[in-house]
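Hello,

I am handing over the structure we talked about, and my notes follow right below it. Please have it open while you read, and take the residues in whatever order suits you.

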Amino acid sequence: MSALWDTARAALTERLSESGIRHSLAVAETAGRLAEAYGVDIEDARLAGLLHDWSKDTGADELLAAADLLGIPVTDVDRAVPYLLHAPVGAVELTSVFPGLSPAVIAAVAAHTYGTETMEPLDLVVYIADTIAPGRSHEGVELLRAAAGVVPLQELFMLAYANSLRHLVDSRRRIHPATVALWNKLVSEDQR
Ligand SMILES: [Fe+2]
Ligand SMILES: [Fe+2]
């Protein structure tokens, strides 16, 4: 494991709860396995998995203030559900805390809640890992786990994203505009 991994791992214990750290390690492990299966950089995947929830325990007001300060677009949905901002805010914060992190890792952290329209393979891997890591028990998770490494990466992501969207609709939650934009793009590219 790299020195950056050790530093990041130690820094996390100062920020996240015990269960948060357990989840981060599970996502790192899962992201590493997915990266191996799909030919994505394994070290980047593990690091992004480890650090993806860097700002998860940051409060709503602080996230909104940080987003404003950092120039991260804040939509009505972000104001209603500031928790979503833990991904982009965490990503920007990580760039200053760990200057050695690759831009690809930062981008994957930024994209893990509502996505971006340009999802690179590493972004897909981290998003999926967050969804299917050990400890996750939502409806449909077993199906996603069974499909991991079997169906193409883009298809696996589409299954995972559809599952998340279904959950948002079923529980009558807001859908972020970036999530809608990404879904529409995925559908327009769907080769099936
Ligand atoms: Fe998260
Ligand atoms: Fe997470």
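Leu168 is partly exposed, because 14 other C-beta atoms lie within 10 Å, which falls between the 12 or fewer of an exposed residue and the 20 or more of a buried one. Please keep in mind that this is a predicted model. You will find Leu168 in helix 10, which covers residues 153-170. Setting aside residues up to four places away in sequence, Leu168 touches Arg173 and Ile175. Ala108 is 60 residues from Leu168 along the chain, and the C-alpha atoms of the two are separated by 22 Å.

Just past that helix, have a look at Arg172. Arg172 sits in the loop between helix 10 and helix 11 (177-189). Its phi is positive, about 55°, although Arg172 is not a glycine. Is Arg172 buried or exposed? Arg172 has 6 other C-beta atoms within 10 Å, so it counts as exposed.

Now to how helix 10 meets helix 8. The axes of helix 8 and helix 10 come within 10 Å and cross at roughly 45°. That angle makes helix 8 oblique to helix 10, and the crossing is left-handed. On the helix 8 side, the contact is made by Pro121, Leu124, Tyr127, Ile128 and Thr131. Helix 10 brings Leu153, Leu156, Phe157, Ala160 and Ser164. Sorted by class, the contact of helix 8 with helix 10 has eight nonpolar residues, two polar ones and no charged ones.

Helix 8 also packs with helix 2. Helix 2 (residues 18-38) and helix 8 (residues 121-132) have axes 8 Å apart, at an angle of about 135°. This makes helix 2 oblique to helix 8, and helix 2 passes helix 8 in a right-handed crossing. From helix 2, the residues Val27, Thr30, Ala31, Leu34, Ala35 and Tyr38 take part. They meet Pro121, Val125, Val126, Ile128, Ala129, Asp130 and Ile132 in helix 8. The contact of helix 2 with helix 8 comes to 11 nonpolar, one polar and one charged residues.

One more residue of helix 8 deserves a stop, and that is Asp123. Why does Asp123 count as buried? The reason is that Asp123 has 22 C-beta neighbours inside 10 Å, and 20 or more are needed for a residue to be buried. Leaving out residues up to four places away in sequence, Asp123 touches Ala107, Ala108 and Ala111. The C-alpha atoms of Asp123 and His112 are separated by 7.2 Å, with their positions 11 residues apart along the chain.

Next comes helix 6. Helix 6 runs over residues 86-97, 12 residues in total. From its first C-alpha to its last, helix 6 reaches 15 Å, close to the 16 Å expected at 1.5 Å a residue. Which residues of helix 6 are buried? They are His86, Ala87, Pro88, Val89, Gly90, Ala91 and Leu94. Their cover includes helix 3 (42-51), helix 4 (60-70) and helix 7 (103-110).

The packing of helix 6 with helix 7 has an angle of about 155°, with the axes 7 Å apart. Helix 6 and helix 7 are therefore roughly antiparallel to each other. Ala87, Pro88, Gly90, Ala91, Leu94 and Thr95 of helix 6 make this contact with Ile106, Val109 and Ala110 of helix 7. By class, the residues of the contact between helix 6 and helix 7 divide into seven nonpolar, two polar and no charged.

Last on my list is Trp54, in the loop between helix 3 and helix 4. Trp54 is buried, because 24 other C-beta atoms lie within 10 Å. What does Trp54 contact, leaving aside its neighbours within four places in sequence? Its contacts are Arg15, Gly90, Glu93, Leu94 and Val109. Gly90 and Leu94 are also among the buried residues of helix 6. His86, another buried residue of helix 6, is 32 residues from Trp54 in sequence, and the two are 7.6 Å apart in space, C-alpha to C-alpha.

Happy reading, and do write back with any questions.

Best wishes

Methods: Residues numbered from 1 in each chain as written. Chains lettered and ligands numbered in written order. Predicted model: local features only at pLDDT ≥ 70, side-chain atom pairs only at ≥ 80, totals over all residues. Helix = DSSP H or I, 4+ residues; strand = E, 2+ residues; numbered from the N terminus. Expected span 1.5 Å × (residues − 1). Contact = placed C-beta atoms within 7 Å. Axes fitted to C-alpha atoms, helices over the stretch in contact; angles between N-to-C directions. Parallel < 35°, antiparallel > 145°, perpendicular 65-115°, else oblique. Left-handed = near helix turned anticlockwise from the far one by under 90°. Nonpolar A, V, L, I, M, F, W, Y, C, P; charged D, E, K, R; others polar.
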